[in-house]
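User: I should like to go through this structure and ask, for each descriptive term, what justifies its use. Please set each value against the criterion behind it.

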Amino acid sequence: MNAQLFILALFDGVAYAALVFMVAVGLTLIFGVLRVLNVAHGSLYAIGAYVTVSAGSAIIAAGYSPVLAFPLMLVAAILVGVVLGGLMEKLLLSRIYDRPEVLQLLVTFAVFMMLEDVQRLVWGNQPYFQSAAVNLLGNVELFGVFYTSYQLIFLPLVALATLIGLRLFLRRTLTGKLITAVTEDREAAQFIGINAERVYLLTFIAGAALAGLGGALASPTTSVLPGIGTEMIVLSFAVVATAGLGQIEGAAVAALLIGLGRSFAVYLYPELQVLVPYLIMLLVLLVRPEGLFGSPAARKI
Amino acid sequence: MTFSRRAILPAILVAALALVPILAPFLQVVLIFALMKGIAVLGVTVLLRAGQVSFGHALFFGIAAYAGAFLAASPFDDLVLLVLAGLVTSAVTGLIVGIFVARYRGIFFAMLNLAFSMIFWSILEKFYYLTGGADGLRLPRPTVLGMAFERGAFEDILYYVALGLALLLGWFVIRFLNSPIGQLYQTVKTNETRLEYLGISPRVALIKGYVLSAALCGVGGVLMATAQGIVTPSYAYWVRSGEMVFIAVLGGAGSVAGAFAGSIAYELVRTYAAAFAGDIWQLLLGAFLLVIILFAPGGLVGIYNSVFDRARGAAGSAKRETGVPKKPAEVRS
């Protein structure tokens, strides 16, 4: 592996990690607050990508400026968050918070099955591609390697902004503090008058929107086709589990670890590309079952 | 007394199943798949007893099917050997995976299983020079105890093998779940720390159950491969795992009879509904899964029992497990 390939793999890994982080952080946020693993999270990612691609193509075909592709991503994310996330929480999850974990998993799994078919019904089986956003930002040369500015600068910046923004939001704003309080102890939070149901709904919408945003951001860099949601839920779970469930900063580190591992595998052992994320996860979990940054749960007798 | 009466309908159903190749050959293909899937669903059922759900048991279904296909290409292509090969391969894989995943519960258990099955699935797709990639492998019709049969006769034999194995393994799983180790699962589900205080290792218990569940999935998988004559990576895809979990919950989570009741109902509906609802099949499954979880958590077996209780009057209301069987009751017809 020469220096140039090394740099390329490094860039690939960072760009990929930024995308995975966006999805994983939504997953871990939802889990941290609601204690529910949203298996349908990958579908929200896929739908975010589909909406962005088809709306983006329509806008450009209608003669509007491709710059609109960027605000469109936000719109798609908010749509996914409010419409799908909001409905899912209100209609389903809010009924099952006191049910066993297995049932909660089955419910989100059922939604996942349904949304996979919904994607196929709406968008069919053919791949979609719309890279206006990437073309707009052009290329950049760094360490003798040409790379798209979108992937090398824009995506990592968005991921970083999300990480810092979330941290500030949870620590500094009132709503954020309410969320943290409910996470710590739901009953105690309710005793002092916090509307836990609203916190749950808001968190789920935010988490779903992050998944949608991840999909929207990923859409210009890849073909959008059936199955990307499945791949993403497993991958983002790998990130979240490696970091420790509910760990936001940890998810960033784990996303980098897994993103880089995967991109180096692409150049060194292409057959292992799909396996590397899981191998990293399995290795980490063998040593630390609660993840890199998680703390062991207290055992109740 | 109640037990014996309750067993009347299942007994009639088993007898009806045994007569299908003679009286209703058009149902034979559907029911043979239902029985084979039912055997695999038994595996998921064992784990559900311990309160654990696996989104990756298609791994064992698939790995046994591929083991069967590899063996069928060798001179040892006998049905008995194929089933044994599937059983051993899946049990050994189950032991390796089980040692790892048995440390986890709930979410981690479900998702790590999914991760393992995705790994296996991508191996099947990537190493196409061994596995045939997405096209899969052919599994030529094997001999049975050294004798070669025509297609029709072979299908009849396979049907009775599936039925026999379904009864045998169903009986075995009931015995297993009633054995001391099976009884532990109830406690793994509710509070396993107490088990540890009794000096019992819930992990070892769960590994044993995991190997059993993997082996059951394997037997189902290798039989299915033999019946279809081809194995593809879809055998190990998550959709297959989801289907197994769905059937287990449909039949009645944790119930042995439910595994088969669920898979027969599922296959019958699928065969006739998929013709005009093929595009939205998973959508229907998902919606139906939600309805069962939210309104009839006991599944088909739960509905059957509650109908029975109701028919017998007051006594049953004391241990009401399911909700009002209004909508889901239609499923049974």
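The exchange below takes up the two chains, their contact, several helix pairs and two loop residues.

User: What kind of model is this, and which elements make up chain A and chain B?

Analyst: This is a predicted model. Chain A has twelve helices and two strands, in the order α-α-α-α-α-β-β-α-α-α-α-α-α-α from the N terminus. Chain B has 15 helices and two strands.

User: How do you know that chain B is as compact as a globular protein of its length?

Analyst: The globule rule gives 20 Å for 333 residues, and the radius of gyration of chain B is 20 Å, so chain B is as compact as a globular protein of that length. Its C-alpha trace spans about 60 × 50 × 40 Å along the principal axes.

User: What makes the radius of gyration of chain A agree with that of a compact globule?

Analyst: A compact globule of 301 residues would have a radius of gyration near 19 Å, and chain A has 19 Å, which agrees. The C-alpha trace of chain A spans about 60 × 50 × 35 Å along its principal axes.

User: How many of the residues in each chain count as buried, and by what criterion?

Analyst: A residue is buried if 20 or more other C-beta atoms lie within 10 Å of its own. By that criterion, 48% of the 301 residues of chain A count as buried, and buried residues make up 51% of the 333 residues in chain B.

User: Which share of the contacts joins residues at least 24 apart in sequence?

Analyst: Taking contacts between residues at least 6 apart in sequence, the share that joins residues at least 24 apart is 77% in chain A and 79% in chain B.

User: What makes up the side of chain A that touches chain B?

Analyst: In the contact between the chains, 33 residues of chain A meet 31 residues of chain B. The elements of chain A that give two or more residues to this side are α4 (101-123), α10 (228-243) and α12 (275-287). Of these, α4(A) gives the most, with 15 residues. By class, this side of chain A has 25 nonpolar, one polar and seven charged residues.

User: Why are α4(B) and α5(B) called oblique to each other?

Analyst: The axes of α4(B), residues 58-72, and α5(B), residues 79-101, come within 8 Å and cross at roughly 140°. An angle over 145 degrees would count as roughly antiparallel, and 65 to 115 as roughly perpendicular. The angle of roughly 140° falls in neither range, and the two helices are therefore oblique. The crossing is right-handed.

User: Which residues of α4(B) and α5(B) meet?

Analyst: Among them are Phe60(B), Ile63(B), Ala64(B) and Leu71(B) in α4(B), and Leu81(B), Leu82(B), Ala85(B) and Thr89(B) in α5(B). By class, the contact has nine nonpolar, six polar and no charged residues.

User: What is the relation of α4(B) to α6(B), and why?

Analyst: The axes of α4(B) and α6(B), residues 106-126, come within 9 Å and cross at roughly 30°. Angles under 35 degrees count as roughly parallel, and α4(B) is therefore roughly parallel to α6(B). Ala58(B), Leu59(B), Gly62(B) and Ile63(B) of α4(B) meet Phe116(B), Ser117(B) and Phe120(B) of α6(B). This contact has five nonpolar, two polar and no charged residues.

User: Why are α2(A) and α4(A) called roughly parallel?

Analyst: Their axes come within 10 Å and cross at roughly 15°. This is under the limit of 35 degrees, so α2(A) counts as roughly parallel to α4(A). The crossing of α2(A) and α4(A) is left-handed. The contact includes Ala46(A), Ile47(A) and Tyr50(A) of α2(A) and Phe112(A), Leu115(A) and Trp123(A) of α4(A). By class, it has six nonpolar, two polar and one charged residues.

User: Is Asp279(B) buried or exposed, and how do you know?

Analyst: Asp279(B) has 11 other C-beta atoms within 10 Å. The limit for an exposed residue is 12 or fewer, so Asp279(B) is exposed. Asp279(B) is found in the loop between α13 (256-277) and α14 (281-295) of chain B.

User: What is notable about the phi of Arg35(A), and why is Arg35(A) called partly exposed?

Analyst: Most residues other than glycine have a negative phi. Arg35(A) has a positive phi of about 60° although it is not a glycine. Arg35(A) lies in the loop between α1 (3-34) and α2 (41-61) of chain A. With 16 other C-beta atoms within 10 Å, Arg35(A) lies between the limits of 12 for exposed and 20 for buried, and is therefore partly exposed.

Note on methods. Residues are numbered from 1 along each chain as its sequence is written. Chains are lettered from A and ligands numbered from 1 in the order in which they are written. This is a predicted model: local features need pLDDT of at least 70, side-chain atom pairs count only at pLDDT 80 or more; totals for chains, interfaces and linings use all residues. Axes are lines fitted to C-alpha atoms, for helices over the stretch in contact, and angles run from 0 to 180 degrees between N-to-C directions. Helices (H or I, at least four residues) and strands (E, at least two) are DSSP runs, numbered from the N terminus. A crossing is left-handed if the near helix is turned anticlockwise from the far one by less than a right angle, and right-handed if clockwise. Two residues are in contact if their C-beta atoms, placed from the backbone, lie within 7 Å. Ala, Val, Leu, Ile, Met, Phe, Trp, Tyr, Cys and Pro count as nonpolar, Asp, Glu, Lys and Arg as charged, and the others, Gly among them, as polar. The radius of gyration is taken over C-alpha atoms; the globule rule is 2.2 Å times the number of residues to the power 0.38.
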